[in-house]
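Here is a friendly tour of the enclosed spaces in this protein and of two residues worth a closer look. Have your viewer ready and follow along.

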Amino acid sequence: MKTLLEVSHLSKYFPVANGGLLHAVEDVSFRVNEGETLGIVGESGCGKSTLGRTILRLHEPTSGRIIFDGMDIASFNVRELRQIRKYMQIVFQDPYASLDTRYTIKKIIEEPLIIHKVYKTQAECNARVEELMELVGLEKRVSNMYPHEFDGGRRQRVVIARALAMNPKFIVCDEPVSALDVSVQAQILNLMMDLQKKLGLTYIFISHDMSVIKHISTDVGVMYMGLMVEKAPKRHIFSRPLHPYTIALLSAIPSVNILERKKRIVLQGEITSPVNVKPGCRFAPRCPFATEACMRITPELREVEEDHFVACHRVSEIAKGTLYYETQRS
């Protein structure tokens, strides 16, 4: 299968007031195949949204390569980026904040078509807008309404329609359902999956909700404090997690089986500062398995099983079943 996106050793640092550097994303590498979905999951502040925006060059990368469809877009100038962004889009978390409240729905959706001068006549542009609205489940009669007249679910459909206007190949979905009611979340997720099959789209889907990630993803990358600590096909992550942080995240998923007796793993300890980070595993202060070596040496993300990458010094013991959380089950 063709690789559409390859991220290699990507880092993004932000300067802070005391002259230090906040390591928002550090040395992240992965590939996404055409037509598939990479789910990025982690706690708030772990760098997953910054990663998505850096891939699209909404944030300028500090270092690393971003290979999209065979082109290293990390080195593109403004003019080159303008052309490639037709094929790389983003759906933001808050649909109301990402829409211009002064524009009608029609004007919002047609804006990228006008900017890129896709159609010569207004009639052609109007026909495309109607096509996009139908594609995302919006009726033609609402085209002259404004964002404040819609609920969250329909606003997000407008955002998706706008993202699809230029026939993109790749979309970063930055927590697109976290601001919606649960029933509406399911509708939007199913819509995005249907669009992916119909249009051959490739997604990076960012979320803090493991249940959402399980529903939509092909592969899963787990981030902690700017680093990717585990990456594997979905089935491996949910059936055989090998990083202590991933195991803890999975324990927090609510179960619909009232007979299942599973205790949540409550992580203890202080979160390390992301500013001027020192060597060592960033999860070590909260990890019950941490050794002295974990405090000094940063573990590399390496393949421990087929297509299963983990950054942990003690992963071989976890894989063998000789190391486990005592609180995992009651």
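## Cavities and two buried residues

Sorted by class, the residues around the second largest cavity are 2 nonpolar, 3 polar and 3 charged. Keep in mind as you look around that this is a predicted model.

Let us stay with that cavity for a moment. The second largest cavity holds about 30 Å³ of space. Its lining is made up of Arg31, Val32, Asn33, Glu36, Thr37, Leu38, Thr218 and Asp219. Two elements, β2 (21-33) and β3 (37-41), each give two or more residues to this lining. Strand β2 supplies the largest share, with 3 residues.

Searching the whole structure turns up 2 cavities of 30 Å³ or more. The table sets them next to each other.

| Cavity | Volume | Nonpolar lining | Polar lining | Charged lining |
|---|---|---|---|---|
| Largest | about 70 Å³ | 9 residues | 2 residues | 1 residue |
| Second largest | about 30 Å³ | 2 residues | 3 residues | 3 residues |

Which residues line the largest cavity? To pick them out in your viewer, select His243, Pro244, Cys281, Phe283, Ala284, Cys287, Phe289, Ala290, Cys294, Cys312, His313 and Arg314.

Now for the first of the two residues. Lys231 sits in strand β10, which covers residues 227-233. Is the side chain of Lys231 buried or exposed, and what is the nearest side chain of opposite charge? Lys231 is buried but has no salt bridge, and Asp219, the nearest oppositely charged side chain, lies 4.1 Å away. A salt bridge here requires a side-chain nitrogen within 4 Å of a carboxyl oxygen, so a pair at 4.1 Å does not count. Asp219 is also among the residues lining the second largest cavity. Beyond its neighbours within four places in sequence, Lys231 is in contact with Phe30, Arg31, Leu38, Asp219, Val220, Gly221, Asp307, His308 and Phe309.

The second residue, Gly39, belongs to strand β3, one of the elements that contribute to the lining of the second largest cavity. Why does Gly39 count as buried? Gly39 is called buried because its relative accessible area is 0%, and the cut-off is under 20%. Leaving out residues up to four places away in sequence, Gly39 touches Phe205, Ile213, Ser217, Asp219, Val220 and Gly221. With Phe205, the C-alpha to C-alpha distance is 4.7 Å, although 166 residues separate the pair in sequence.

Asp219 ties these views together: Asp219 lines the second largest cavity, is in contact with Lys231 and is touched by Gly39.

Note on methods:
Residues numbered from 1 in each chain as written. Predicted model: local features only at pLDDT ≥ 70, side-chain atom pairs only at ≥ 80, totals over all residues. Heavy atoms only, no water. 1 Å grid on protein atoms, 1.4 Å probe; cavity = no way out; pocket = protein on both sides within 12 Å on 5 of 7 lines; lining within 4 Å. Points joined across faces, edges and corners; volume = space filled by probe spheres on them. Nonpolar A, V, L, I, M, F, W, Y, C, P; charged D, E, K, R; others polar. Helix = DSSP H or I, 4+ residues; strand = E, 2+ residues; numbered from the N terminus. Buried < 20%, exposed > 50% of the residue type's maximum accessible area, 1.4 Å probe, protein only. Lys, Arg positive; Asp, Glu negative; His and termini not counted. Contact = heavy atoms within 4.5 Å.
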